[in-house]
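Q: Please take a close look at the nonpolar interior of this protein chain, and explain how the parts around it are arranged.

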Amino acid sequence: MPRPNPTTPYQEVNRLLAALTDGLQAQFGQKLIGIYCYGSLIWGDFDPSLSDIDLAAVLSAPVTTEELEKLRGFHARLAQAFPAWEDRIEAQYVSRQSLACFRTQETTMANISPGEPLHFVPCNADWLTNWYFVLTYGRALAGPPAAEVVPHIADEEFFNAIRTDAAAWREYVQNTRRSRAYQGYAILTLCRAYTTLATEKQVSKREAAAYVAEQMPEKRPLIKQALAWRQARDGTPDEATYD
């Protein structure tokens, strides 16, 4: 499988992406259709000291239990080789069939994300925004362009999903109660949802924060705090900032 040069402005990230691509090609062989990088590393405002790396690997068939165990070992070795990126990789291992039917049929895929080990998760309509990002912004580290493996997702469908996700924070915000860093993440995520719906463009959290601060001057102190909390990764239990 041809592998484009995963060149970014960050040498260690380039080495990590190359090691990850080579390792997945060795494990999956012909079963691997493509690997796609998306998120802030692609659309901008990536912070090597803070940001996560977002990836999606598309396979010709679902990950098996045996393959999942091998993948866990691979990710553990990757963390040893690149310790600065331990728990900062978010990757989905999804079959092409799951991508084709995720709106109407729940299937299973493998996922690893910050704070969660590699495990099986449902692949369903909740993942629409991720697949839209892969389709629209994904850079192929291996395999064909994303548009050849991810089904079409209309912009309005994406915007509707953003509205739904934003509304869900009314309940989900309770999970941020004991972490200021997570509270900052929530605020900036909602800034980006607002910006996306207002401008019909997907931008980084920092750009979205600046846009909302301009549109809502009364929110500037809160947004400034959110940026500081997230940058500091301050996870100190402190409910004083929750309200």
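A: The answer below begins with the whole chain, turns to the interior, and then follows several single residues.

This is a predicted model, in which local features need pLDDT of at least 70 and side-chain atom pairs count only at pLDDT 80 or more, while totals for chains, interfaces and linings use all residues. Residues are numbered from 1 along each chain as its sequence is written, and side-chain values use heavy atoms, with hydrogens and water left out.

The secondary structure of the protein chain consists of nine helices and six strands; helices (H or I, at least four residues) and strands (E, at least two) are DSSP runs, numbered from the N terminus. The C-alpha trace spans about 55 × 40 × 30 Å along its principal axes. The radius of gyration of the chain, 18 Å, agrees with the value near 18 Å for a compact globule of 243 residues; this radius is taken over C-alpha atoms, and the globule rule is 2.2 Å times the number of residues to the power 0.38. Buried residues account for 48% of the 243 residues, where buried means under 20% relative accessible area, exposed over 50%, and partly exposed in between (1.4 Å probe, protein chains only). Of the contacts between residues at least 6 apart in sequence, 64% join residues at least 24 apart; a contact means heavy atoms within 4.5 Å.

The interior itself can now be described. A nonpolar core is a set of buried Ala, Val, Leu, Ile, Met, Phe, Trp, Tyr and Cys residues joined through side-chain atoms within 4.5 Å. The largest such core has 30 residues, and Leu-24, Leu-55 and Tyr-93 touch the most other members. At least two residues of this core come from each of helix H1 (11-28), strand S1 (32-38), strand S2 (53-59), helix H3 (65-81), strand S3 (89-95), strand S4 and strand S6 (139-142). H1 gives the largest share, six residues. Leaving aside neighbours within four places in sequence, Leu-55 is in contact with ten residues' worth of surroundings that include Leu-17, Leu-20, Tyr-36, Ile-89 and Leu-141. A second, separate core of 29 residues includes Tyr-38, Ala-56, Cys-123 and Phe-133.Cys-123, a member of that second core, is buried, with a relative accessible area of 0%. Its sulfur lies 7.2 Å from the closest cysteine sulfur, in Cys-101, which is too far for a bond. A search of the whole structure finds zero disulfides, a disulfide being a pair of cysteine sulfur atoms within 2.5 Å.

Strand S4, which supplies residues to the largest core, also takes part in a hairpin with S5. S4 (residues 107-113) and S5 (residues 116-123) pair in the antiparallel sense over six bridges; two strands pair if DSSP finds at least two bridges between them. Ser-113 stands opposite Glu-116 in S5. Two residues lie between the strands of this hairpin, and Gly-115 takes a positive phi near 85°.

Two residues in helices complete the picture. Thr-195 is placed in helix H7 (residues 180-199) and counts as buried at 3% relative accessibility. Not counting residues up to four places away in sequence, Thr-195 touches Glu-200, Lys-201, Val-203, Ala-208, Tyr-211 and Val-212. Gln-225, in helix H9 (residues 220-232), counts as partly exposed at 40% relative accessibility.
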